[in-house]
There are 2 protein chains.
Amino acid sequence: MRQIKIGILGLGVVGSGTVRILQENAEAISRRVGAELVVKKIAVRNLAKDRDVAVDPALLTDNPFEVIDDPEIEILAELVGGVDPCHGFLLRAIQSGKNIVTANKELMAKSGHDLLDAAQLAQKDFFLEGSVAGGIPIIAAMKESLAGNNIKEVMGIVNGTTNYILTRMTEEGADFAPTLADAQRLGYAEADPTSDVDGHDAAYKLAILSSLAFNSTVNEEKVPRQGIRHIQARDIAVARDLGYKIKLIASAQCHPDGSMQARVHPALLPNKHPLASVNDVFNAVLVRGDAVGDVMFYGRGAGSLPTGSAVVGDLIACARNIVSNATGRVGCTCYLSRPMLPSEQAQSKFYVRLHALDKPKVLASIANVYGDFDVSIESVVQRALPGDEAEIVWVTHKSREHHLLGALDVISRLPAVSKVHNWIRVEE
Amino acid sequence: MRQIKIGILGLGVVGSGTVRILQENAEAISRRVGAELVVKKIAVRNLAKDRDVAVDPALLTDNPFEVIDDPEIEILAELVGGVDPCHGFLLRAIQSGKNIVTANKELMAKSGHDLLDAAQLAQKDFFLEGSVAGGIPIIAAMKESLAGNNIKEVMGIVNGTTNYILTRMTEEGADFAPTLADAQRLGYAEADPTSDVDGHDAAYKLAILSSLAFNSTVNEEKVPRQGIRHIQARDIAVARDLGYKIKLIASAQCHPDGSMQARVHPALLPNKHPLASVNDVFNAVLVRGDAVGDVMFYGRGAGSLPTGSAVVGDLIACARNIVSNATGRVGCTCYLSRPMLPSEQAQSKFYVRLHALDKPKVLASIANVYGDFDVSIESVVQRALPGDEAEIVWVTHKSREHHLLGALDVISRLPAVSKVHNWIRVEE
């Protein structure tokens, strides 16, 4: 049986999962591909480090160029992460005739387009399923199975850490800071949680998903992001009473005029929304196509074996193309250049929670300000607090973000208003 | 730009959705494929019939061989349904060098294997995404993206009609017969509902899904099926009180000894189960892989445009293979021949609802019979009825079906038992 030689950069969480799957399911994979997938070399930073998978030490090298420049290696799997030095490594590998599989979301979000172009020019494969939502096959679905659709919207829970924190806060009534500390202790959040809790990780993934969905490169720097640090236990409780769950949502729309919009933000989702019941570290992505309607993909968004599953799926697809002499079969699909709608133009419903004096006419005075800024109100719930204050929760009709922010700026300075505690988007 | 000629058999619900998508999204599809997909001929039964889509009458023929035998046509889309005469049509088309796309679940479940073999022998493509779960890309996911996994279980809600009926029964507390009549009036159920409500449609789809999942042909005749006619409003209400939803489930397992099991049956699903919140006509399929863990795919399981989306996705995949000279890139993946475990060997938890005299020792006498048949009890709830009877609901631990049925046979003949109303599987 024909052998296809694979080189791997990185033997961390994803790398060791990938190697383990290739070892344990070797026979089935060979049967399915019609060729044997052989790992020839693995570049690591530290040769002495203990690994989660048993690997012949002779395969390891601490010189990445021994992998990148090996002429026998037909597929290079980049499982290191980060832009530098991976970008240069992959360009060099493509130019020397290799097919690429990567799970590097930051690299793909920041400079995926020129790597895909280079691969297409060289008629080589470039697969990236592992870069978004772990083992969930969302990228292949959009590039292939759903390719008959014009996709109008993509919306997902794509960061497991924040979903775990919000789920725990929801189930336990806990606040953000102690839940984050607990998640860090349990290994669900990193020591520096910035990339997850402030929405950067989700923004990388959304840039990739929306580029694929709308056939136009979305620059991750242009994706506004808001994290979950400001979400309070009280917001989650109030949302529950109103019939909503709070989730960190990555969402992007393509409008009939051809423009795009993309944004990462916490949102109130109605309990019946398909994403509302996605809990713990699970991820899910909802795609809205003009023909297929809503389809949702759900699964583990991270981890050694789930992400390894995506990487091995890509290796198999690439190996099948090699066997069929068809590498480069599907190239970059960003053939359009759509304008990105500025964030101020975004419309949505909003939830606002504030404290104000519990006196006649206070509600009316606040409502008047909303009216001045063209924000109309769908519902309001007032609840007396101990003392002379009340908590007032508003849900608006669809409004522009800058109108809402203008109104809240005035409202927060009304003498009767002690504090605007929070405003959060509401999805329908 | 290169043109790829397509021939279509059938211009019904799926055919007209397919043609509409090809028309409306023509430009995007050409850009994505690098070739123009041109419908050259469509065979229909009745040339005079009004169609849901505007088609040049010159494309229509009532002679299928004008399509099958046209040497310019590179891809044949079979959207007729049923085994005969489609089986012969497709064999003839393959032998004359055509690639095949089909949405025919009955044909694929009954004789998919020899068609796939014929296509492989001819190095032609054979795609069947539209045959299961409408627009949900579950077949491509199992053949490609998840191909690094050994799949241990596949479980789904794959029949929209029964899911619609059960959802309505759940929401309205209604019984089966009036809900079916309503579904027929609304067009969600056929005049002869047998194929849907007795589980045959789901069994076809499960035969296809499990063959793909376990790499071994599953004969649909060997898939035991139980429909939903016997589900009563009271069962649904009791299940709700216990924390369950009742759904028609198609499920198949591959055991560590290599044997398979497949079955269509109504089941109690815990409210937290990912399939429990799949409502109305929606379908969902859960796949359990050794690497990826649980992944779920959700969407519209039927309809003109959703199923058309799957067919067009297959046409695009095939066209890309034609452009790359790589038809036959992925052949039949049923390279094993696994034994099928007989249904009596199946183990599961069971729900039993019966009426009995509300007297001392009745509960104990029934419990003793379970014990005699090696069925152990997880929970029991007794509720007094008007008169001198009680309703008793049992949930068993995992037991073999023939043990349970043996026990119920004895229990139903106990003098104190007036009627065993129902027994239903319970999933965990």
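A crossing of two helices is called left-handed if the near helix is turned anticlockwise from the far one by less than a right angle, and right-handed if the turn is clockwise. In this predicted model, helix α2(A) passes helix α12(A) in a right-handed crossing.

**The helix pair**

Two packed helices are described by the angle between their axes and the distance between the axes. For α2 (residues 26–33) and α12 (residues 304–323) of chain A, the axes come within 10 Å and cross at roughly 35°. On the side of α2(A), the contact is made by Ile29(A), Arg32(A) and Val33(A), while α12(A) contributes Val312(A), Ile316(A), Ala319(A), Arg320(A) and Val323(A). Sorted by character, the residues of this contact comprise 6 nonpolar and 2 charged ones, with no polar residue among them.

**The sheet**

Strands of a sheet pair through backbone hydrogen bonds, either parallel or antiparallel. Chain A holds an open sheet of 6 strands in the order β3-β2-β1-β4-β5-β6, and its pairing is parallel. The edges are taken by β3 (60–61) and β6 (126–127) of chain A, each of which has a single partner strand, so one side of each is left without a neighbour in the sheet. Within this order, β1 (residues 3–9) and β2 (residues 36–43) of chain A pair in the parallel sense over 7 bridges, and Lys5(A) has Val38(A) as its bridge partner in β2(A).

**Two residues in their surroundings**

Met169(A) and Glu190(A) can be set side by side.

| Residue | Location in chain A | Relative accessibility | State |
|---|---|---|---|
| Met169(A) | helix α7 (residues 160–172) | 1% | buried |
| Glu190(A) | loop between α8 (176–186) and α9 (194–197) | 54% | exposed |

Met169(A) counts as buried because its relative accessibility of 1% falls under the limit of 20%. Leaving aside neighbours within four places in sequence, Met169(A) is in contact with Ala174(A), Asp175(A), Phe176(A) and Thr179(A), and also with Ile231(A), Gln232(A), Ala233(A) and Ile236(A). Lys222(A) lies 53 residues from Met169(A) along the chain, and the C-alpha atoms of the two are separated by 30 Å.

Glu190(A), by contrast, is classed as exposed because its relative accessible area of 54% is over 50%. When residues up to four places away in sequence are not counted, Glu190(A) touches Gln184(A) and Asp196(A). According to an unreviewed UniProt entry, the annotation "binding site" covers Glu190(A), and such annotations may be inferred rather than shown by experiment.

Definitions and conventions
Residues numbered from 1 in each chain as written. Chains lettered and ligands numbered in written order. Predicted model: local features only at pLDDT ≥ 70, side-chain atom pairs only at ≥ 80, totals over all residues. Heavy atoms only, no water. Axes fitted to C-alpha atoms, helices over the stretch in contact; angles between N-to-C directions. Helix = DSSP H or I, 4+ residues; strand = E, 2+ residues; numbered from the N terminus. Contact = heavy atoms within 4.5 Å. Nonpolar A, V, L, I, M, F, W, Y, C, P; charged D, E, K, R; others polar. Buried < 20%, exposed > 50% of the residue type's maximum accessible area, 1.4 Å probe, protein only. Pairing = 2+ DSSP bridges.
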